[in-house]
Amino acid sequence: MGRLLVRTFIKDYDDTQNPEVRKKYGMLAGSFGIFCNIMLSILKIIIGLLSGAFSIVGDAVNNMSDAASSIITLISFKLSGKPADKEHPYGHGRLEYMSGFIVAVLVLAIALNLLKESIAHIIKKAPINVSIVTIIILASTILVKLYMSIFYMYISRTIKSTAMRVTAVDSRSDCICTSVALISVIVMLAFGVNIDGYAGAIVALFVIKAGIEGARDTTALLLGEGPDEETRARILETAAEYSEIIEAHDLRVHDYGPGRTFASMHVEISTEVGMMRAHEIVDEIERRIVKSGLVSELTIHVDPVDKNDEFTLAARKKVADELRQINSSITLHDFRVVHNGEKMHKVTFDITVPYDFDMTDDLIMEKAKAIVKKLPGEPEADIFVDKS
């Protein structure tokens with residue numbers, strides 16, 4: 001049925017790389033969520049007030065917050081689809097991530113209040129009045145929420161949307177929440193034991209967990225995550241297909257929203273290849289990677305290497321070998337020697353270490369400069385530390 005909705009309301013639904021099509025997916029999901037959550041919340045509020053079951057009222061409030069979240073999602077997809085402009089040259093795609101974060105915060109706020117009221121309800125031990133009709137209605141709402149979760153996850157995978165994934169997880173949590181409320185009703189009918197306040201507290205804890213996970217996922221995207229291992233590997237593998245490229249390094253991917261990823265990379269190419277051919281190679285790599293959909297845009301910087309300069313190659317090997325003796329994870333690139341007449345005047349290169357490396361950048365550079373000083377002429381050193 002999810003595919004049927006998409007095919008009915010979205011023209012060119014297969015073109016998910018198109019920002020306009022993507023926006024329509026988000027607006028369909030938002031509209032669907034608003035309608036379903038408002039209907040569910042009204043139904044549960046009526047049942048909760050008539051029965052006095054606080055866990056059901058709390059679940060209804062949770063559905064109302066979901067309706068508000070769907071409104072935020074709808075607005076964010078509409079705004080995030082705006083094209084780039086002078087003030088926002090990378091587009092407005094991160095608004096989608098912001099909406100996911102706002103949804104998560106809203107869910108957390110509702111859950112904390114629900115937990116507080118549930119504890120008060122446990123202390124008061126207020127009576128509840130439920131029936132078989134209550135069970136039937138709650139069971140039906142679970143099925144509706146389960147379908148909503150499946151629908152949101154389908155859209156999330158189709159358009160690769162974190163905001164939709166957060167919404168899908170929230171809907172799945174709602175199934176658990178309503179199930180807990182349903183269990184409390186069944187226990188009351190079967191055994192005459194009122195566990196409504198405890199059920200409300202359990203519902204609140206489930207919602208809190210979902211809110212924290214949603215906030216964590218969207219915050220990571222807003223702060224800027226590195227490329228996933230598959231993307232990184234495929235980009236480097238594409239570069240490695242060209243025999244002229246000695247090494248590829250310093251790959252950086254910046255995420256400005258779904259379908260708006262900008263990447264940069266350095267490649268070492270022998271000077272024998274020539275500037276024109278080197279330019280053709282990097283242009284071809286850039287076009288291939290963008291066409292594959294891995295990133296929206298790629299810029300490659302060429303680092304020339306003189307493979308016939310035995311003096312520089314020997315100096316590089318000596319420095320690299322000694323750095324590996326300090327730690328095997330240290331690598332270097334962009335190694336260049338500046339001569340003053342026949343004397344080695346200065347050596348410049350970049351060091352790459354893991355993000356969790358146990359040395360400070362200053363200590364790494366200090367050890368590297370000491371190694372460079374051992375070279376003939378005791379040259380100065382310009383060293384830059386990269387993390388990978």
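The chat below goes through a predicted model of one protein chain, from its overall build to a group of aromatic rings.

Student: What helices and strands are there in the protein chain, just as counts?

Tutor: The predicted model has 11 helices and six strands in the protein chain.

Student: And what is the radius of gyration, set against a compact globule of 388 residues?

Tutor: The protein chain has a radius of gyration of 29 Å, whereas a compact globule of 388 residues would have one near 21 Å. Along the principal axes, the C-alpha atoms fill a box of roughly 95 × 50 × 35 Å.

Student: How much of the chain counts as buried?

Tutor: Of the 388 residues, 46% count as buried. The accessible surface of the chain comes to about 20100 Å², and carbon and sulfur atoms account for 61% of that area.

Student: What share of the contacts comes from residues 24 or more positions apart?

Tutor: Among contacts with a separation of 6 or more, 68% are between residues that lie 24 or more positions apart in the protein chain.

Student: Switching to charges, how far apart are the mean positions of the positive and negative ones?

Tutor: The chain carries 42 positive and 50 negative charges, and their mean positions are 7 Å apart.

Student: Now the aromatics: how many pairs does a search of the whole structure find?

Tutor: That search finds six aromatic pairs. One of them joins Phe32 and Tyr147, whose ring centres are 5.9 Å apart and whose planes meet at 80°, so this pair is edge-to-face.

Student: Which helices do Phe32 and Tyr147 lie in?

Tutor: Phe32 belongs to helix H2, which covers residues 19-51, and Tyr147 to helix H5, which covers residues 132-159, so the pair ties together parts that are 115 residues apart in sequence.

Student: Are those two buried or partly exposed?

Tutor: Phe32 is buried, with a relative accessible area of 16%, while Tyr147 counts as partly exposed because its relative accessibility is 22% and the cut-off for buried is under 20%.

Student: Why is the pair of Phe151 and Tyr152 called tilted?

Tutor: The ring centres of Phe151 and Tyr152 are 6.2 Å apart and their planes are at 45°, so the pair is tilted; edge-to-face would need an angle over 60 degrees, and stacked one under 30.

Student: Buried or exposed, those two?

Tutor: Phe151 is buried, with a relative accessible area of 1%, and Tyr152 also counts as buried, at 1% relative accessibility.

Student: Which residues do the ring pairs link into a cluster?

Tutor: Ring pairs link Phe32, Tyr147, Phe151 and Tyr152 into a cluster.

How values were computed:
Residues are numbered from 1 along each chain as its sequence is written. This is a predicted model: local features need pLDDT of at least 70, side-chain atom pairs count only at pLDDT 80 or more; totals for chains, interfaces and linings use all residues. Side-chain values use heavy atoms; hydrogens and water are left out. Helices (H or I, at least four residues) and strands (E, at least two) are DSSP runs, numbered from the N terminus. The radius of gyration is taken over C-alpha atoms; the globule rule is 2.2 Å times the number of residues to the power 0.38. Buried means under 20% relative accessible area, exposed over 50%, partly exposed in between (1.4 Å probe, protein chains only). Contact means heavy atoms within 4.5 Å. Accessible areas come from the Shrake-Rupley method with a 1.4 Å probe; for residues, only the protein chains shown count as cover. Lys and Arg count as positive and Asp and Glu as negative; His and the chain ends are not counted. The place of a charge is taken as NZ of Lys, CZ of Arg, CG of Asp or CD of Glu. Rings of Phe, Tyr and Trp (its six-membered ring) pair if their centres lie within 6.5 Å; planes under 30 degrees apart count as stacked, over 60 as edge-to-face and the rest as tilted.
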